[in-house]
2 protein chains.
Amino acid sequence: MERSTREAMERVNRSRYKLTRQRSKIIETLVATAGEHLSAEEIYGLVTLEAPDIGLATVYRTLDLLVTLGIIEKTDFGDGRARYELASPGDDHRHHHLICSGCGIITEVKDDLLDDLESTLEREYDFCITDHRLEFYGRCASCRSD
Amino acid sequence: MERSTREAMERVNRSRYKLTRQRSKIIETLVATAGEHLSAEEIYGLVTLEAPDIGLATVYRTLDLLVTLGIIEKTDFGDGRARYELASPGDDHRHHHLICSGCGIITEVKDDLLDDLESTLEREYDFCITDHRLEFYGRCASCRSD
DNA sequence: ATCCGTGCAAAGTATTTGCAACCTA
DNA sequence: TAGGTTGCAAATACTTTGCACGGAT
């Protein structure tokens, strides 16, 4: 079993919530598709391939739980459905994406690029920033050549 | 009549779409509430105060139209409903907001702060950026004092 | 007369909730 | 065993669509 799978399961165990078969399966799926930004329905589709008895409501409830525990992050890219991804370990402050309007692929930008900017804004607007979200829209290399 | 109201109406007139009573009323409302980031339902509520016969579907259709014409922008702040604001004149490239998790108020950040960053990313990821969206979450001055 | 625009109601999509049965710690 | 958890179906929330009527050119 992958390290991050075990880590996530242990975090559920340490919480006041139970690690059920359904939750395990959903965590496995999320780890296996890391970097893909799946929607609840897509996760449901994958999960039911191996465990057809799991209900969509359970997927939603589990995703909520995992967000609460900080194991995953929920993001809305404006396409009308929420998308989920494993939280960056050790940091809950990096949500940068490149979104291609051609093929829809979402690429992670690894670094936190905004620290300087944040200090400036905090001063200028008297606002205490705890998190941010940054998305760039455009066209990726392969869609530009079409 | 406010200048931006007239400007918006002229842009509709110049398009292949008609400037109807309903569309005028909706534009007026959007100009009157500039800076408030209203949802479709909220706009509908305001519009029907003065023109109770306007339907919710018309509000949605008109908002779509105004987005298409570049008169307003549609943004999703992740609260499950779309929000609309007048487009920044002369620039379609500035979507920066400070969102207070205490009172929910959304403050505009005026400047486009990301030009340098964009050049770097375009090179690094071979991605042609056409737009971006930047949101900061935290607490505003008055919510911090609670 | 034509064609766009409208209101209404129905449909659609994403997500949440009530509840009895079930399962895990 | 006790209480969290589940599947199902129904409910909810937001948005879109079908359609016949209405209005402007």
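Modeller: Let's fix one term before we start: a salt bridge is a side-chain nitrogen of Lys or Arg within 4 Å of a carboxyl oxygen of Asp or Glu. This is a predicted model, where local features need pLDDT of at least 70 and side-chain atom pairs count only at pLDDT 80 or more, while totals for chains, interfaces and linings use all residues. Residues are numbered from 1 along each chain as its sequence is written, chains are lettered from A and ligands numbered from 1 in the order written, and side-chain values use heavy atoms, without hydrogens and water.

Biologist: Thanks! How many salt bridges are there between chain A and chain B?

Modeller: One of them pairs B:Arg133 with A:Glu135, and their closest N and O atoms are 4.0 Å apart. The count between chain A and chain B is two salt bridges.

Biologist: What area is buried between chain A and chain B?

Modeller: Buried area is the accessible area (1.4 Å probe) that two parts lose on being put together, summed over both. Carbon and sulfur atoms give 65% of the area here, and the total is about 2800 Å².

Biologist: Which element gives the most residues to the side of chain A that touches chain B?

Modeller: Helices (H or I, at least four residues) and strands (E, at least two) are DSSP runs, numbered from the N terminus. β4 (96–100), β5 (106–109), α5 (115–125), β6 (127–140) and α6 (141–144) of chain A each supply at least two residues to that side. With 14 residues, the top contributor is β6(A).

Biologist: Nice. Which residue of β6(B) is the bridge partner of A:Phe136?

Modeller: Strands pair if DSSP finds at least two bridges between them. β6(A) and β6 (residues 127–140) of chain B run antiparallel, joined by 13 bridges. Within β6(B), the partner of A:Phe136 is B:His132.

Biologist: Now the DNA: which element gives the largest share of the surface near DNA strand C?

Modeller: Near means that a residue has a heavy atom within 4 Å of the strand. In all, 20 residues surround DNA strand C, with A:Tyr60 and B:Arg23 among the closest. Four residues, the largest share of that surface, come from α4(A).

Biologist: And how far is the side chain of A:Tyr60 from a phosphate oxygen of DNA strand C?

Modeller: For the strand's atoms within 4 Å of the protein, 76% belong to sugar or phosphate. A polar side-chain atom of A:Arg81 lies 3.0 Å from a phosphate oxygen, and for B:Arg23 the distance is 2.7 Å. For an N or O atom in the side chain of A:Tyr60, the distance is 2.4 Å.

Technical notes. Polar contact = N/O pair within 3.5 Å; in protein donor to acceptor, adjacent residues only side chain to side chain.
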